[in-house]
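Hi,

Here is the structure I said I would pass on. Have a look at it first, and then read on for what turned up.

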Amino acid sequence: MESFTGGRLPPDDVVVAALRAGDEAMFATLLDTWSRGMLWLARTHVSTNDSAEEIVQDTWLAVVRGIGGFEGRSSVKTWVYRILVNTAKKRGMRENRTVPWSSVFEQERPTVDRSRFQGGDDPLPGHWKELPAAWPTPEGEVLAAEVRGRIAAALAELPPRQRAVITLRDVEGCTSEEVCEILEISAANQRVLLHRARASVRGRLEDYFETARRSA
């Protein structure tokens, strides 16, 4: 899957200086750019949308109050998202919904039918027997909006850990290193979660895109 990210922000030093100076325009830009992804991530820790929205609000308040002490040991985005995750974990613990990230390999079901991959006796074990058909490029605002809606619905159906990783990687454009730091998971766990999330989303969308391809 390709990343769904939007435009670029200024360099971190510019962002930090603007926030410390009380630049409302910069703060508004960050809100517009990151809040949706933050809401998705917060929702993986709590049981309601209202709780997730409160977590995002509390995170931005903490950012405003703490920007003076930002030391630049990580990117601004990683710092903000770490605040979000810590806030969400505390809220999730109160709701008794905390899921250990270390349990990524437990009770995970395959996201793609194993029969679609080559077996041990084939030339390339584990590879696709037939590559999935390329998805058509959405044209027009109506079709693009429909595709985004279907992607959002597919993401919402993912297990919380998978949804958190694919949201950070493919929606928010974070690097694998940033995701590992934000979620405090290993590189191996991040790769497994991302692979399963992408495969699951693609599986949910295959019928839709196949229909679109045939009608094109």
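How many aromatic pairs does the count come to? Four, in this predicted model. One of them is Phe27 with Trp60, an edge-to-face pair with 5.5 Å from centre to centre and 85 degrees between the planes. This pair links distant parts of the chain, since Phe27 is in helix α2 and Trp60 is in helix α3, 33 residues apart. Phe27 is partly exposed at 23% relative accessibility, while Trp60 is buried at 5%.

Trp60 also pairs with Trp34, and that pair is stacked because the planes are at 5 degrees, with the ring centres 6.5 Å apart. Again the pair links distant parts of the chain: Trp34 belongs to helix α2 and Trp60 to helix α3, with their positions 26 residues apart. Trp34 is buried, with a relative accessible area of 5%. Put Phe27, Trp34, Trp60 and Tyr81 together and you have one aromatic cluster.

Next, helix α3 itself. It runs over residues 49–66, and its 18 residues should span 26 Å at 1.5 Å a residue; the end C-alpha atoms are 25 Å apart, which agrees. Which of its residues are buried? They are Ser51, Ala52, Ile55, Val56, Thr59, Trp60 and Val63. These buried residues pack against α2 (24–43) and α4 (76–94).

Leu39 shows some of the α2 side of that packing. Leu39 sits in helix α2 and touches Asn49, Ala52, Glu53 and Val56, leaving out residues up to four places away in sequence. Leu39 and Val56 are 17 residues apart in sequence, yet their C-alpha atoms are 6.2 Å apart in space. Leu39 counts as partly exposed, with 32% relative accessibility.

Now the core. The largest nonpolar core has 45 residues, and Leu41 and Leu183 touch the most other members. At least two residues of this core come from each of α1 (12–20), α2, α3, α4, α5 (141–156), α6 (160–171), α7 (176–183) and α8 (187–215). The largest share is from α4, which gives eight residues. What is Leu41 in contact with, leaving aside neighbours within four places in sequence? The answer is Tyr81, Leu84, Val85, Ala164, Leu168, Ile182 and Leu183. Tyr81 in that list is also a member of the aromatic cluster.

Another residue to click on is Thr167, in helix α6. Thr167 is buried, with a relative accessible area of 1%. Not counting residues up to four places away in sequence, Thr167 touches Gly37, Trp40 and Glu172.

On to the charged side chains. The structure holds five salt bridges, and here are three to look at.

- Arg91 and Glu54: the closest N and O atoms are 2.7 Å apart. Arg91 lies in helix α4 and Glu54 in helix α3, so this bridge ties together parts that are 37 residues apart in sequence. Arg91 counts as buried at 17% relative accessibility, whereas Glu54 is partly exposed at 35%.
- Arg82 and Glu184: the closest N and O atoms are 3.1 Å apart. The pair links distant parts of the chain, with Arg82 in helix α4 and Glu184 in the loop between α7 and α8, 102 residues apart. Arg82 is buried, at 14% relative accessible area, but Glu184 counts as exposed at 54%.
- Asp170 and Arg198: the closest N and O atoms are 2.8 Å apart. Helix α6 holds Asp170 and helix α8 holds Arg198, so to speak a link between distant parts of the chain, 28 residues apart. Asp170 is buried, with a relative accessible area of 2%, and Arg198 is partly exposed at 25%.

Salt bridges that share partners also join Arg82, Lys89 and Glu184 into one network.

Last, the cysteines. How many disulfides does a search of the whole structure find? Zero. Cys174 counts as buried at 4% relative accessibility, and Cys180 counts as buried at 15%.

Cheers

Definitions and conventions. Residues are numbered from 1 along each chain as its sequence is written. This is a predicted model: local features need pLDDT of at least 70, side-chain atom pairs count only at pLDDT 80 or more; totals for chains, interfaces and linings use all residues. Side-chain values use heavy atoms; hydrogens and water are left out. Helices (H or I, at least four residues) and strands (E, at least two) are DSSP runs, numbered from the N terminus. The expected span of a helix is 1.5 Å times one less than its number of residues. Buried means under 20% relative accessible area, exposed over 50%, partly exposed in between (1.4 Å probe, protein chains only). Contact means heavy atoms within 4.5 Å. A nonpolar core is a set of buried Ala, Val, Leu, Ile, Met, Phe, Trp, Tyr and Cys residues joined through side-chain atoms within 4.5 Å. Rings of Phe, Tyr and Trp (its six-membered ring) pair if their centres lie within 6.5 Å; planes under 30 degrees apart count as stacked, over 60 as edge-to-face and the rest as tilted. A disulfide is a pair of cysteine sulfur atoms within 2.5 Å. A salt bridge is a side-chain nitrogen of Lys or Arg within 4 Å of a carboxyl oxygen of Asp or Glu.
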